[in-house]
Amino acid sequence: TSVCFASISKCGDTIIGGSGTGRLSAWNVNSALEDNDDKAIEPRIMLVDHNKNFQCGDLQYVGDSQLLVAPLRFDFDESDHSRTVRLYDVNAEAVVGLLCGTLGEVSIGKQYCVQSHNAIFAMSKSVGVVFDTRTYQPTVVLHADKRRGEQILGVPSNSSTPVAFTYGSEEDMKCWDLRMPGSHVYTMATGNTIVQHLFWHEDTSSLLAST
């Protein structure tokens, strides 16, 4: 039976896939390479949440054996944390933290500030939320334009706080100083091409845009 994966991430020597259910599938890369047979390699199935209202959406590796698992569904139930981002430990096969404060379906990009600033970035309904990894609580909220605030990327800085970039369905990229989160500090644009993804090149401290 073929399965369409809504998201996929690498965690150490393991490839993790989420197919829009409350479970994740895991394949060990080394085991797959050592197996010379042409047979299908069965995944290890890991339960993130048995709650029917929670479906695994975006996945992002954050270090050690831990992943961020964002909710996918729209029909959330306030009483069961179905809007909440999970911090999942692959080795322990257990949720080790709940990051509360998102409003609906959540987008989480690659995380660059976990080690440097203890920060995790997520975007939900054009609202950027910055979480503290030590408390799992939101510390900063950014209200982006609904048409231009579908994704968020946090990048390290030399100050005590990281810098955030929000972007969406147009060519604009807005830069936010988290010390003054009331409004973005400047806007960059690619011209007339929609920004699909932003990446951070750590060696040169450069922002890369995929259009």
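**In which strand is Y186 found?**

Y186 is found in strand β16. The model discussed in this report is predicted, and strand β16 serves below as a route into its details.

## Overall architecture

The secondary structure of the chain consists of two helices and 18 strands. The chain has 211 residues, of which 44% count as buried. Its exposed area is about 11,100 Å², and carbon and sulfur atoms supply 48% of that area.

Contacts may also be sorted by how far apart the partners lie in sequence. Among contacts in the chain with a separation of 6 or more, 37% are between residues 24 or more positions apart.

## Confidence of the prediction

The mean pLDDT of the chain is 85, with 87% of its residues reaching 70 or more. Confidence varies among the elements: the lowest mean pLDDT, 70, belongs to helix α1 (residues 29-34), and the highest, 94, belongs to strand β14 (residues 163-167).

A general caution applies when reading such a model. Where pLDDT is low, predicted coordinates should not be read in detail.

## Strand β16 and its residues

Strand β16 covers residues 186-189 and includes M188. M188 has a relative accessible area of 29%; because this value lies between the limits of 20% for buried and 50% for exposed, the residue is partly exposed. Apart from its neighbours within four places in sequence, M188 is in contact with F165, E171, D172, M173 and L207. One of these partners, D172, is 16 residues away along the chain, yet the C-alpha atoms of M188 and D172 are separated by 5.8 Å.

Y186, also in strand β16, has a relative accessibility of 40% and therefore counts as partly exposed. Together with M180 and V185, Y186 makes a nonpolar surface patch of about 300 Å².

## Cysteines and disulfides

How many disulfides does the structure hold? The number is zero.

Two cysteines illustrate contrasting surroundings. C56 has a relative accessibility of 0% and so counts as buried, since buried means under 20%. C100, by contrast, has a relative accessible area of 27% and is therefore partly exposed.

## Summary

The predicted chain combines two helices with 18 strands, and its mean pLDDT is 85. Within strand β16, M188 is in contact with residues including F165 and L207, while Y186 contributes to a nonpolar surface patch with M180 and V185.

Key
Residues are numbered from 1 along each chain as its sequence is written. This is a predicted model: local features need pLDDT of at least 70, side-chain atom pairs count only at pLDDT 80 or more; totals for chains, interfaces and linings use all residues. Side-chain values use heavy atoms; hydrogens and water are left out. pLDDT is the predictor's confidence in each residue, from 0 to 100. Helices (H or I, at least four residues) and strands (E, at least two) are DSSP runs, numbered from the N terminus. Buried means under 20% relative accessible area, exposed over 50%, partly exposed in between (1.4 Å probe, protein chains only). Contact means heavy atoms within 4.5 Å. A disulfide is a pair of cysteine sulfur atoms within 2.5 Å. Patches are made of residues with over 30% relative accessible area and no salt bridge: like charges are joined within 9 Å, nonpolar side chains (Val, Leu, Ile, Met, Phe, Trp, Tyr) within 5 Å. Accessible areas come from the Shrake-Rupley method with a 1.4 Å probe; for residues, only the protein chains shown count as cover. A salt bridge is a side-chain nitrogen of Lys or Arg within 4 Å of a carboxyl oxygen of Asp or Glu.
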